[in-house]
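Subject: Structure with two ligands, for your files

Hello,

Here is the structure I said I would pass on. My notes on the two ligands and the space around them follow below.

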Amino acid sequence: MADVYFSFFTLFILVPLSLLILLYFIVRPRPVSVPIKNSNVFITGGSSGIGLALAHLCAREGANVTLLARNVSKLEEAKQSIKLATGRDVNVFSADVRDYDAVKRAIEEAGPIDVLVCNQGVFVPQELEHQELEEIKFMIDVNLMGTFHLIKAALPGMKKNRAERGPGSIAIMSSQAGQVGIYGYTAYSASKFGLKGLAEALQHEIIADNIHVSLIFPPDTETPGFVEENKRRPQLTSIIAASSGAMKADEVAKKSLDGIKSGTFIVPCNFEGFLLSIGTAGLSPQRSYLMAFVEHLKKAEVMATEEQPGKEHLMDPIPQALSPDYRQANKLHGKVALVTGGDSGIGRSVCYLFALEGATVAFTYVPGQEEKDAHDTLKKIQELKSADAKDPIALPADLGFDENCKKVVDEVVNNFGRIDILVNNAAEQHMTSTIEEIDENRLERVFRTNIFSHFFMTRHALKHMKEGSSIINSTSVVAYCGSDILLDYCSTKGAIVSFTRAESRIGTIDEITEDQLLRIFRTNIFAYFFMARHSLKHMAEGASIINTTSVQAYLGSPSSLEYQSTKGAIVAFTRGLALQLVDRGIRVNGVAPGPVWTPVQVVIHDKDKVQSLGSETPMGRASQPDEIAPCYVLLASRDSSYYTGQVLHANGGMIVNG
Ligand SMILES: NC(=O)C1=CN([C@@H]2O[C@H](COP(=O)(O)OP(=O)(O)OC[C@H]3O[C@@H](n4cnc5c(N)ncnc54)[C@H](OP(=O)(O)O)[C@@H]3O)[C@@H](O)[C@H]2O)C=CC1
Ligand SMILES: CCCCCCCCCCCCCCCC(=O)[C@@H](N)CO
């Protein structure tokens, strides 16, 4: 009897359950983020209604917007209104989407497109029996054929740019009348249902090109077109449509843009639309496990270079890691080098040169993803290395965690006895155009990989490094100039600059535990991200954000490595966020005080140091808080209307070069 239960359990519960779990892991769709800032957005029907509202939103977010419609004066008016509201110039083209040659010319002239919004539409409601064939053809031609024309003309250019410019989007404006057939809309519904077939098939065809289709389904929306429509809409049509309510063009535009940014296929606009989309999803991409599976397989290979970390063997052309002109000179003879993230990119090239110069090389790579790159690199180092260097080793490790770093160092020391050169090089970065998209998990992830790993690796490696050894950290130009699209990344790189400066007079790295590190980064820099993210929703043009950093971000002192790393992160964060918000007229600046007489000094320093606080400054003294605060007034007020991304140095005369 027990046997029967057991086989029943295995057959009907255990096996299906395991298969389901397996299926989930294989097919779960991955999130995408289509950038809007600095991208080229082409909107048809952008001179009126929903299209115009969307054009405003995109311009406000820093996109280069191009509009296409027929009527020149409406286009001019739209251009002026966007210029007035956002200060941005908009390109306009007058063309009828029914004329393929005209569409093609406009698209060629407009240049490369990242986001194509096919929004033009005409709606002449009427029962089929009374509607003229000409009107039916008109709607099919503008709404459906017009969209074919646009996509046909734009697609080749869109595909070409994806590798450099990230994910692209084709958004198609349907209607709730494209989800259910509505009385009075035979022709209009048919044109919009046609768009659904087009969109579904197209998404399958272009997902591997990293172009995401969004099919948007608004209910009745208050636009100039809708006002016209209402003059002749059959009463029954109006009654049915009213059951899904009405929206404002701005609201529909906002929903559309959210859908585009997140690469969502079905984009409902209100609650009824949400229910409708569940009821009518069919086998649409992203709602179907099967499709997600196909996407996953295709994407895994073709997009692999977009994953973090990147796969070098899939790149075209393969980056050059070794110059044929490089002349070796045995400069690292007998030394042992450890390079993090050495399987590809800069790390790989460093490994090759180190090997050529006579060093024994160990490098780390991300487990489970980079085996091929790691294997290729290992083979090449083996070829390049000098006869008396030991065989290279590749160590899989997620360096965001202390214990993994310890294992890596132990492994190297077990193999080679010591470490002479530590290269902290591994990093990850993810593009996003707004701070809103950087959530807490991602922040911690990026900081763990990019800066915590430097603490952990350095701490463990130092135990085995003798005088004459060298530590080299990979930071980036964005630590100095900030980056609007890599805000978290540039902050970590700013942290590395300050970490490097302090490290050169290394002090107490051993005393900082992983928990303390996380704690201080949470307080000193994550909180700045969170506060900015939440406050920004309520800040308008003329607002100002002021971040407090420290002179220590620039000077580095041996005793507070983790503190000054967070302050370096704040400098770069300030510069990056300033760039991100410049179009919104919100200024972001920083203040980097030197020693100030505040309670924290008494807590952290011994008596003598408290007595002599500030003696190292040219003024020879610490400042009082009231000597620092006035520059916050300056940065908060209109007096500093021409300052953004700057840091004021209230520090008693120290010259810090930045
Ligand atoms: N408003 C609503 O209730 C709803 C609208 N929709 C859809 O949203 C989209 C936008 O509608 P809405 O903003 O209300 O419309 P509007 O009538 O306010 O704007 C339509 C836009 O499309 C342009 N356009 C029309 N025909 C052509 C053409 N042949 N070639 C090029 N451009 C053209 C118009 O400019 P011009 O005339 O100068 O060419 C105008 O810019 C449409 O696709 C519509 O079907 C969906 C659900 C509800
Ligand atoms: C299962 C849940 C049901 C929820 C109720 C939904 C009822 C359907 C209403 C459809 C309204 C269609 C409006 C089209 C508007 C439009 O496209 C025109 N204004 C022309 O642009």
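**Ligand 1**

A backbone N or O atom of Asn71 lies 2.7 Å from an oxygen atom of ligand 1; a polar contact here is a pair of N or O atoms within 3.5 Å, and within protein one must be able to donate a hydrogen and the other to accept it, with residues adjacent in sequence counting only if both atoms are side-chain atoms. This is a predicted model, in which local features need pLDDT of at least 70 and side-chain atom pairs count only at pLDDT 80 or more, while totals for chains, interfaces and linings use all residues. Residues are numbered from 1 along each chain as its sequence is written, chains are lettered from A and ligands numbered from 1 in the order in which they are written, and side-chain values use heavy atoms, with hydrogens and water left out.

Two side chains also make polar contacts with ligand 1: an N or O atom of Ser48 is 2.6 Å from an oxygen atom of the ligand, and one of Tyr188 is 2.7 Å from an oxygen atom of the ligand. The protein covers 95% of the 880 Å² of accessible area that ligand 1 has on its own (Shrake-Rupley method, 1.4 Å probe; for residues, only the protein chains shown count as cover).

Ligand 1 is surrounded by 32 residues, with Ser47, Ser48, Arg70, Thr221 and Thr223 the closest (near means a heavy atom within 4 Å). H7 gives the most to this shell, three residues (helices are DSSP runs of H or I, at least four residues, and strands runs of E, at least two, numbered from the N terminus). By class, the shell holds 13 nonpolar, 14 polar and five charged residues (Ala, Val, Leu, Ile, Met, Phe, Trp, Tyr, Cys and Pro are nonpolar; Asp, Glu, Lys and Arg charged; the others, Gly among them, polar).

**Ligand 2**

Tyr188 also has a polar side-chain atom 2.8 Å from an oxygen atom of ligand 2. On the acidic side chains, an N or O atom of Asp220 is 2.8 Å from a nitrogen atom of ligand 2, and one of Glu229 is 2.9 Å from a nitrogen atom of the ligand. The protein covers 79% of the 590 Å² of accessible area that ligand 2 has on its own.

Around ligand 2 there are 18 residues, and Ser175, Tyr185, Tyr188, Asp220 and Glu229 come nearest. Helices H7 (224-230), H8 (235-242) and H10 (271-279) each supply at least two residues of the shell, and H10 gives the most, with three. The shell divides into ten nonpolar, four polar and four charged residues.

**The pocket**

Which pocket does ligand 1 take? The space taken by ligand 1 is the second largest pocket, and the space taken by ligand 2 is the second largest pocket as well. A pocket is an open set of points on a 1 Å grid over the protein atoms alone, with protein on both sides within 12 Å along at least five of seven lines, and lining residues have an atom within 4 Å of a point. A molecule sits in a pocket if more than half of its atoms lie within 2 Å of its grid points.

The lining has 49 residues, with Gly121, Val122, Phe123, Thr223 and Gly225 nearest the centre. H7 gives the most to this lining, with five residues.

Regards

Key: On a 1 Å grid over the protein atoms alone, a cavity is a set of points where a 1.4 Å probe fits but cannot get out, and a pocket is an open set with protein on both sides within 12 Å along at least five of seven lines; lining residues have an atom within 4 Å of a point.
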